[in-house]
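Q: Please take a close look at one part of this model, the strand pairings and the pocket beside them. A connected account of the surrounding features would be welcome as well.

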Amino acid sequence: MTGCMACDLIAGRATLPGGSIARTEHWVVEHCVGPLPVGTLLVKPTRHVLHVRDLTDAEAAELGPLLRDTARVVDELASPTAEQVYTCLWSHNGSDPVHIHYVVQPVTRELLDELGSGPRQQAALFDRGERPDPAAMEEFATRARALFGVRTTDLA
């Protein structure tokens, strides 16, 4: 769908530092382009989907294992500084539902001490508006791609 940032990134109509990290038949893993830390990955359906309830059985079957694998990759690459890896569903731009995506974010003690936890931390990072360095995103994506290895079916 043209005009959807998630779809535009998947289709290559928008710049994505590091490119696609992993793909299954129905999902793609990419580095987050928003103001979250380097190492924050997104897991999103390749099809434009606004609600989890609208996932097909095949999409739903792939989601759990891929979300788990993505959290494992983030945890491994962010260690030893990450104390936790958040996985949360985002699906709005303002008050409008948009392409669903799961945010898989490494959380460090430094971030917890400075900004708090959970949604407060993510909101504070968005309020700050500092985007990660594209070169660091690309480097993380390269390392993550290697860890996904044979788990992927079609890397872009």
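A: The account below begins with the strands and then turns to the pocket, the aromatic rings, the cysteines and some single residues.

The model is predicted, so local features require pLDDT of at least 70 and side-chain atom pairs count only at pLDDT 80 or more, whereas totals for chains, interfaces and linings use all residues. Residues are numbered from 1 along each chain as its sequence is written, and side-chain values use heavy atoms, with hydrogens and water left out.

**Strands E3, E4 and E5**

Helices (H or I, at least four residues) and strands (E, at least two) are DSSP runs, numbered from the N terminus. Two strands are said to pair if DSSP finds at least two bridges between them. E4 and E5 run antiparallel and are joined by ten bridges. Within this pairing, His-92 stands opposite Pro-97 in E5. The two strands form a hairpin with two residues between them, and Gly-94 in the turn has a positive phi of about 70 degrees. Most residues other than glycine have a negative phi, and most peptide bonds are trans.

E5 also pairs with E3 in the antiparallel sense, over three bridges. There, Val-43 has Tyr-102 in E5 as its bridge partner. Relative accessible area (1.4 Å probe, protein chains only) sorts residues into buried, under 20%, exposed, over 50%, and partly exposed, in between. Ten of the 13 residues of E5 are buried, so E5 is largely enclosed by the rest of the structure.

**The largest pocket**

On a 1 Å grid over the protein atoms alone, a cavity is a set of points where a 1.4 Å probe fits but cannot get out, while a pocket is an open set with protein on both sides within 12 Å along at least five of seven lines; lining residues have an atom within 4 Å of a point. Grid points are joined across faces, edges and corners, and a volume is the space filled by probe spheres set on the points. The largest pocket has a volume of about 440 Å³. Of its 19 lining residues, Met-5, Trp-90, His-92, Val-98 and His-101 are the closest to its centre. Helix H1 (5-11), strand E3 (41-45), E4 and strand E5 (96-108) are the elements that give two or more residues to the lining.

**The aromatic pair**

Rings of Phe, Tyr and Trp (its six-membered ring) pair if their centres lie within 6.5 Å; planes under 30 degrees apart count as stacked, over 60 as edge-to-face and the rest as tilted. The structure holds one aromatic pair. The ring centres of Trp-90 and Phe-126 are 5.2 Å apart and the planes lie at 55 degrees, so the pair is tilted. Because Trp-90 lies in strand E4 (residues 82-93) and Phe-126 in helix H4 (residues 118-128), the pair ties together parts that are 36 residues apart in sequence. Trp-90 is partly exposed at 22% relative accessibility, and Phe-126 is partly exposed at 36%.

**The cysteines**

A disulfide is counted for a pair of cysteine sulfur atoms within 2.5 Å. A search of the whole structure finds zero disulfides. The closest cysteine sulfur to that of Cys-7 is in Cys-4, 3.7 Å away, which is too far for a bond. Cys-7 is buried, with a relative accessible area of 6%. Cys-32 is in no disulfide either, and the nearest cysteine sulfur, that of Cys-88, is 10.0 Å away. Cys-32 is buried, with a relative accessible area of 6%.

**The E1–E2 hairpin and His-26**

E1 and E2 run antiparallel and are joined by three bridges, with Arg-23 opposite Val-28 in E2. A hairpin joins E1 to E2 through three residues. His-26 lies in the loop between strand E1 (20-23) and strand E2 (27-31), and at 17% relative accessibility His-26 is buried. Contact means heavy atoms within 4.5 Å. Not counting residues up to four places away in sequence, His-26 touches Lys-44, Pro-45, Thr-46, Ala-58, Glu-59 and Glu-62.

**The N terminus and a cis bond**

Met-1 is in the segment before H1 and is exposed, with a relative accessible area of 58%. Leaving aside neighbours within four places in sequence, Met-1 is in contact with Cys-7, Asp-8, Arg-13 and His-48. Finally, the peptide bond from Ser-79 to Pro-80 is cis, with omega near 5 degrees; Pro-80 is found in the loop between helix H2 (57-78) and E4.
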